[in-house]
Amino acid sequence: MLGIIRRRIGFGGSYASTLERCLHKMQPALSASRCYSSAAKEMTVREALNSALDEEMSADPKVFLMGEEVGEYQGAYKISKGLLEKYGPERVLDTPITEAGFAGIGVGAAYYGLKPVVEFMTFNFSMQAIDHIINSAAKSNYMSAGQISVPIVFRGPNGAAAGVGAQHSQCYAAWYASCPGLKVLTPYSSEDARGLLKAAIRDPDPVVFLENELLYGESFPVPAEVLDSSFCLPIGKAKIEREGKDVTITAFSRMVGFALQAAEILAKEGISAEVINLRSIRPLDRPTINASVRKTNRLVTVEEGFPQHGIGAEICTSVVTESFGYLDAPVERIAGADVPMPYAANLERMAVPQVEDIVRAAKRACYRSDRMAAAA
Amino acid sequence: MVLTRAAKASRSKLLRPLTTSLSSTSSSLRRPFSSTTDDQTVLSIETSIPFTGHKVDPPSRIVETTPKELMGFFCDMALMRRMEIAADSLYKAKLIRGFCHLYDGQEAVAVGMEAAITKKDAIITAYRDHCTFLARGGNLLEVFSELMGRTTGCSKGKGGSMHFYKKEQGFFGGHGIVGAQVPLGCGLAFAQKFNKEGTVTFASYGDGAANQGQLFEALNIAALWDLPAILVCENNHYGMGTAEWRAAKSPSYYKRGDYVPGLKVDGMDVLAVKQACKFAKEYALKNGPLILEMDTYRYHGHSMSDPGSTYRTRDEISGVRQERDPIERVRKLILSHELASEKELKDIEKNVRKEVDDAIAKAKESPMPDPSEMFTNIYVKGYGVEAFGPDKKEMRAVLP
């Protein structure tokens, strides 16, 4: 009997969902799915990144920062504020607007054993330097059979901002994540930003660190342990931001926030969504994703980038090959529109996934068998 | 094939005869044959032609050397020459696959550079890297094994001809993308300066790569930040099949740095190369980047799939071989200074041949990499993540 109820959960009024609603009323803090042991301090993503850079530069004299406007301008997005003053021009270097040149110089410095953090003002400009990221950095350890390791971090904002048009809005997660030899990280919250950037800087391999401009100003509560200078998050592990049992929603970067909002809305309609913050696109945490889908039997992947050959496609393949028998509905994919990003505000809004898109897809994933019945 | 006037003019420049200035200030008494160990006698030898400077005063064309050094030059270059010719045969026998870019003719650049620097200085080059690898301390077995894709190769067979490295002796590869090695080399120089090591980096590139934008981007930064980087244009006058005058509006590569000084060097004269590199190292440590243009020549085509005679005449190739061959130049110097007899030099060449043959035989016996090696060295730290072969259900590995 319980089994039938689970499948028709979207209808509401069933015993299980009523119970859930009562639970939600009783423990609102729990429903936010963030359990903090102590009173949390608030920190913006910008502050998180700045403090992570500061601490890692302080801990290891081989770490240095290089990029356009990172020094005297205090960072194009103020991520490197105060660092020039603290560490001097030998460790915080303003470069000319020559990505291919300075990315190559960064990789060469990494070959020699330094630990560069190369900032791209946005990852759209990383295309100027992509040969160095892929051919000079990612593949070197393999081609040299371990002689030349490349402990470099390429970081900067990725994906859509607001009204910046087609050439400044692309998401590069899928591009870089397809390349063996690279690690690709996508923080969402301040905790993610701090922990993952520290992990990236300490990591001996080339890491592409995809931030998001619209998240820089967002504030998140951070528990005390996150503020410690030794705090670090593991690379390759996703985080279950919100536990659920009806449908799994995977997301990364800004879309995690949208997925969480969607989960709130879905909860009110009796659908318990499990939201996974991928954190790491390469390595992709396939075990966590598959375990979740084996629990919920339904999957919605959410990403900001272009749909074709994107992150959702890889997640779908993983689930179909590893957990096919557990799927009760086809995998749903929400992605950016398959168009160069338009400028007009209404078109731009249509080109980026919105919360209602995620809600609709999750409902489709849950109503699938019912819709077929309705059609018949 | 009809050569245009411009081609004829440039061809004649290549055949500039050696002014074999064999004058020296030491006495020409017949020496006992301990030349290979004599590093006390100083020989002062004039380079074939003077250096030409761009925004810098060139060094003297009188180069100091010793019998030991000259004999060493002969042996090293003979070994390199023999190695490259052997690689040609191996490629034609299909034991070497893919790309194979041979350096014969250009040996003086690798050997002369090595004589001027230490193993703490860094060298980075493109894909024509077999001889540079050898000069930096690599051995023949590592070379031939790598070329044949065996596990005893310097990159365990996973790199191939274009990806030789010897980091602990200051050789950073071995790069397949034309021009990429120049920013990388400036990065090495950055690190050397960052560490306050007092060492320099030589980043070599060809006349084809000399037009790459990233080179100028890196040079700009190197000049702004005073990096101890020396950019060495190994101008063999052909970028693959395109002659320099067809690719560069200004083929005076030593001047292309504009605000960065440059020196033009006869790259077929090992002593000139040594002098220039010595000068460059001192200069770069004090003043930042410098460009060296080595006027050199490759006898083979661009790679083994290029006969090398569709865009240049056989006369030109044999003409350079006759007039400017680097090994012949040193041979004449050794004989005229009576540092060794003709027979001794021939014996050296015979020994070199044997050394190469032995290394090839040994390399042929070496095993191919174990299949498990396919998934090693992708990362330094793999976090236990899985990697897959073409069929993930069939081939998967855990990355340590």
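Contact here means heavy atoms within 4.5 Å. Keep that cut-off in mind for the helix-on-sheet stops below. The model is predicted.

**Stop 1: the sheet of chain A**

Select helix α4 of chain A, residues 45–59. This helix lies across five strands of chain A: β2 (63–67), β3, β4 (115–119), β5 (153–157) and β7 (207–211). It runs at about 135° to β2(A).

Add helix α6 of chain A, residues 99–112. Helix α6(A) also packs on the sheet, where it touches β2, β4 and β5 of chain A. The direction of α6(A) makes about 165° with that of β4(A).

Now show the strands themselves. The sheet is open, has seven strands and mixed pairing. Read across it in the order β3-β2-β4-β5-β7-β6-β12 (chain A). Which strands stand at the edges? They are β3 (92–94) and β12 (280–282) of chain A, each pairing on one side only. On average, neighbouring strands are turned by 20° against each other, direction ignored.

**Stop 2: around β12 of chain A**

Zoom in on β12(A) and its partner β6(A), residues 183–185. The two pair in the antiparallel sense, over two bridges. Pick A:Val184 and look straight across: A:Arg282 in β12(A) stands opposite.

Stay on A:Arg282 and step to A:Pro283. The peptide bond between them is cis, with omega near 0°. A:Pro283 sits in the loop between β12 and α13 of chain A.

Then go back to A:Arg279, in the loop between β11 (273–277) and β12 of chain A. Its phi is near 60°, a positive value in a residue other than glycine.

**Stop 3: two packed helices**

Follow chain A into α13 (286–296) and select α14 (311–323) as well. How are the two arranged? Their axes are 10 Å apart and the packing angle is about 65°. The crossing of α13(A) and α14(A) is right-handed.

Show side chains. From α13(A), pick A:Arg286, A:Ile289, A:Asn290, A:Val293 and A:Arg294. They meet A:Glu314, A:Ile315, A:Ser318, A:Val319, A:Glu322 and A:Ser323 in α14(A). Colour this contact by class: four residues are nonpolar, three polar and four charged.

**Stop 4: the largest cavity**

Select A:Ser169, A:Glu304, A:Phe306, A:Val339 and A:Met341. Of the 15 residues that line the largest cavity, these lie nearest its centre. The cavity holds about 130 Å³ of space. What is the make-up of its lining by class? There are 10 nonpolar residues, four polar and one charged. The count of cavities of 30 Å³ or more comes to seven.

**Stop 5: the sheet of chain B**

Switch to chain B. Six strands form an open sheet with mixed pairing, in the order β2-β9-β10-β6-β5-β4 (chain B). Look at β2 (52–54) and β4 (122–124) of chain B: each has a single partner strand, so one side of each is left without a neighbour in the sheet. From one strand to the next, the twist averages 20°.

Inside this sheet, select β5 (201–206) and β6 (229–235) of chain B. They run parallel and are joined by six bridges. One pair to label is B:Gly206 with B:Glu234, which stand opposite each other.

Next, bring up helix α9 of chain B, residues 270–287. This helix lies across β5, β6, β9 (262–266) and β10 (290–295) of chain B. It runs at about 175° to β10(B).

**Last stop: a cis bond in chain B**

Centre on B:Gly173 and B:Gly174. The peptide bond from one to the other is cis, with omega near 20°. B:Gly174 is in the loop between α5 (140–147) and α6 (181–194) of chain B.

Notes:
Residues are numbered from 1 along each chain as its sequence is written. Chains are lettered from A and ligands numbered from 1 in the order in which they are written. This is a predicted model: local features need pLDDT of at least 70, side-chain atom pairs count only at pLDDT 80 or more; totals for chains, interfaces and linings use all residues. Side-chain values use heavy atoms; hydrogens and water are left out. On a 1 Å grid over the protein atoms alone, a cavity is a set of points where a 1.4 Å probe fits but cannot get out, and a pocket is an open set with protein on both sides within 12 Å along at least five of seven lines; lining residues have an atom within 4 Å of a point. Grid points are joined across faces, edges and corners, and a volume is the space filled by probe spheres set on the points. Ala, Val, Leu, Ile, Met, Phe, Trp, Tyr, Cys and Pro count as nonpolar, Asp, Glu, Lys and Arg as charged, and the others, Gly among them, as polar. Two strands pair if DSSP finds at least two bridges between them. Helices (H or I, at least four residues) and strands (E, at least two) are DSSP runs, numbered from the N terminus. Axes are lines fitted to C-alpha atoms, for helices over the stretch in contact, and angles run from 0 to 180 degrees between N-to-C directions. A crossing is left-handed if the near helix is turned anticlockwise from the far one by less than a right angle, and right-handed if clockwise.
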